[in-house]
Amino acid sequence: MEEGQKQEMKPLRTQTADEEEVSEGIGCCGWILVFFSFLFTLLTLPLSIWMCIKIVKEYERVVIFRLGRMVPGGAKGPGLYCILPCTTSFIRVDIRTISFDIPPQEVLTKDSVTVSVDGVVYYHVQNATLAVANITNADAATRLLAQTTLRNVLGTKNLAEILSDREEIAHNMQSTLDDATDAWGIKVERVEIKDVKLPLQLQRAMAAEAEATREARAKVIAAEGEMNASRALKEASMVIAESPSALQLRYLQTLNTIAAEKNSTIIFPLPIDLLQAFTGSRK
């Protein structure tokens, strides 16, 4: 166990030594310049205090450079910091969440359909030191990467998948962007697909297809209704045939319905057998 602990402690000692080398990397001439800068600040007090005192807000971080070298310890803030003129400079980094729109991208889907898709991306600076030291403009690079990622992800999907699986596409884009911008100190929080615009001809074709589908369903429903109604009429005729008085009751119920509507017309049903008797006598 003791040997394992010693082996684990070696990298920590090496890192500390590297940090000391970085802090001492400005050299003897550098420290002389820093001394004269500090002396100049003391001699020009209180005027120089307005140039030296910097306030870092809660949502900001500053990366400090001394003679062109980054000060060990990473980004500073929030709080009050003293900057020596001529030898020390700093860069402010906003760590609040930033949102931007992805311009509409013309994408050729997997089934050879051209669509125009746009979206929105939310991100924030997770590591201000990497955002300053590893890339010139993290915001512009993230915007360009979001556009190319949107085209690449949608190029592997069919039109039906793009229209129905927006959440999955947004999740894939978020993971891809997050992995690519990790080296820049950027954390992609969320990606959303805003709108999918189809060509006008394709919209008309899809509308005609949907209308034909609805008409087919309406015909099937009407046919099923007629079939059920015919079955019910068949069952009713069988009941009436078994009981002749049921026909008389049905006739009286119909007369009651006609009388309720204040009609002056009354229909009297005649048995078909009676009509056949008259026609037979004529023959």
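## Val 115 and the main core

Leaving aside neighbours within four places in sequence, Val 115 is in contact with eight partners that run from Gln 105, Glu 106, Val 107 and Thr 109 through Leu 159 to Val 196, Lys 197 and Leu 198. Bear in mind as you explore these contacts that the model is predicted. Val 115 also has a place in the largest nonpolar core, a set of 34 residues in which Val 115 and Val 121 have the most contacts. Strands β2 (60-66), β6, β7 and β8 each supply at least two residues of this core, and so do helices α4, α5, α6 and α7. The largest share, six residues, comes from α5.

There is also a second, separate core of five residues, and among its members are Val 56, Val 62, Ile 64 and Ile 83.

## The chain as a whole

Let's step back for a moment. The chain holds 10 helices and eight strands. Of its 283 residues, 24% count as buried. If we take the contacts between residues at least 6 apart in sequence, 67% of them join residues at least 24 apart.

## Helix α5

Helix α5 covers residues 138-154, and its 17 residues reach 24 Å from the first C-alpha to the last, close to the 24 Å expected at 1.5 Å a residue. At the N-terminal end of α5 sits a cap: a side-chain oxygen of Asn 137 lies 3.2 Å from the backbone nitrogen of Asp 139.

Which residues of α5 are buried? They are Ala 138, Ala 141, Thr 142, Ala 146, Thr 149, Leu 150, Val 153 and Leu 154. These buried residues pack against three strands, β6 (98-108), β7 and β8 (186-197), and against three helices, α4 (128-133), α6 (159-164) and α7 (166-180).

## Helix α7

Helix α7 agrees with its expected length too: at 1.5 Å a residue its 15 residues should span 21 Å, and its end C-alpha atoms are 21 Å apart. The buried residues of α7 are Ile 169, Ala 170, Met 173, Leu 177 and Asp 178. Seen down the axis of α7, they fall within an arc of 160°, so they line one face of the helix. On the other side of α7, Glu 167, His 171 and Asp 179 are exposed.

What covers the buried residues of α7? The cover includes strands β6, β7 and β8 together with helices α5 and α6.

## An aromatic pair between β6 and β7

The structure holds one aromatic pair. In general, such a pair is described by the distance of the ring centres and the angle of the planes. Here the rings of Phe 100 and Tyr 123 have their centres 5.9 Å apart and their planes at 70°; an angle over 60 degrees counts as edge-to-face, so the pair is edge-to-face.

The pair links distant parts of the chain, with Phe 100 in strand β6 and Tyr 123 in strand β7, 23 residues apart. Are these two residues buried or exposed? Both Phe 100 and Tyr 123 are buried.

## Val 125 at the end of β7

Strand β7 takes in residues 114-125, and Val 125 lies in it. With a relative accessible area of 10%, Val 125 is under the 20% cut-off and is therefore buried. Not counting residues up to four places away in sequence, Val 125 touches Val 93, Asp 94, Ile 95, Ala 131, Gly 185 and Ile 186. One of these partners, Gly 185, is 60 residues from Val 125 in sequence, yet their C-alpha atoms are 5.9 Å apart in space.

## Two buried threonines

Thr 129 has its place in helix α4 and counts as buried because its relative accessibility is 16%. The side chain of Thr 129 reaches the backbone nitrogen of Ala 75 at 3.3 Å. Apart from residues up to four places away in sequence, Thr 129 touches Val 63, Met 70, Gly 74 and Ala 75.

Thr 87 is found in a loop, the one between β4 (79-82) and β5 (88-94). At 8% relative accessibility, Thr 87 counts as buried. Leaving aside neighbours within four places in sequence, Thr 87 is in contact with Leu 33, Val 34 and Ser 37, and also with Phe 65, Arg 66 and Leu 67.

Terms used. Residues are numbered from 1 along each chain as its sequence is written. This is a predicted model: local features need pLDDT of at least 70, side-chain atom pairs count only at pLDDT 80 or more; totals for chains, interfaces and linings use all residues. Side-chain values use heavy atoms; hydrogens and water are left out. Helices (H or I, at least four residues) and strands (E, at least two) are DSSP runs, numbered from the N terminus. Buried means under 20% relative accessible area, exposed over 50%, partly exposed in between (1.4 Å probe, protein chains only). Contact means heavy atoms within 4.5 Å. The expected span of a helix is 1.5 Å times one less than its number of residues. A polar contact is a pair of N or O atoms within 3.5 Å; within protein, one must be able to donate a hydrogen and the other to accept it, and residues adjacent in sequence count only if both atoms are side-chain atoms. The arc is that of the directions from the helix axis to the C-beta atoms. A nonpolar core is a set of buried Ala, Val, Leu, Ile, Met, Phe, Trp, Tyr and Cys residues joined through side-chain atoms within 4.5 Å. Rings of Phe, Tyr and Trp (its six-membered ring) pair if their centres lie within 6.5 Å; planes under 30 degrees apart count as stacked, over 60 as edge-to-face and the rest as tilted.
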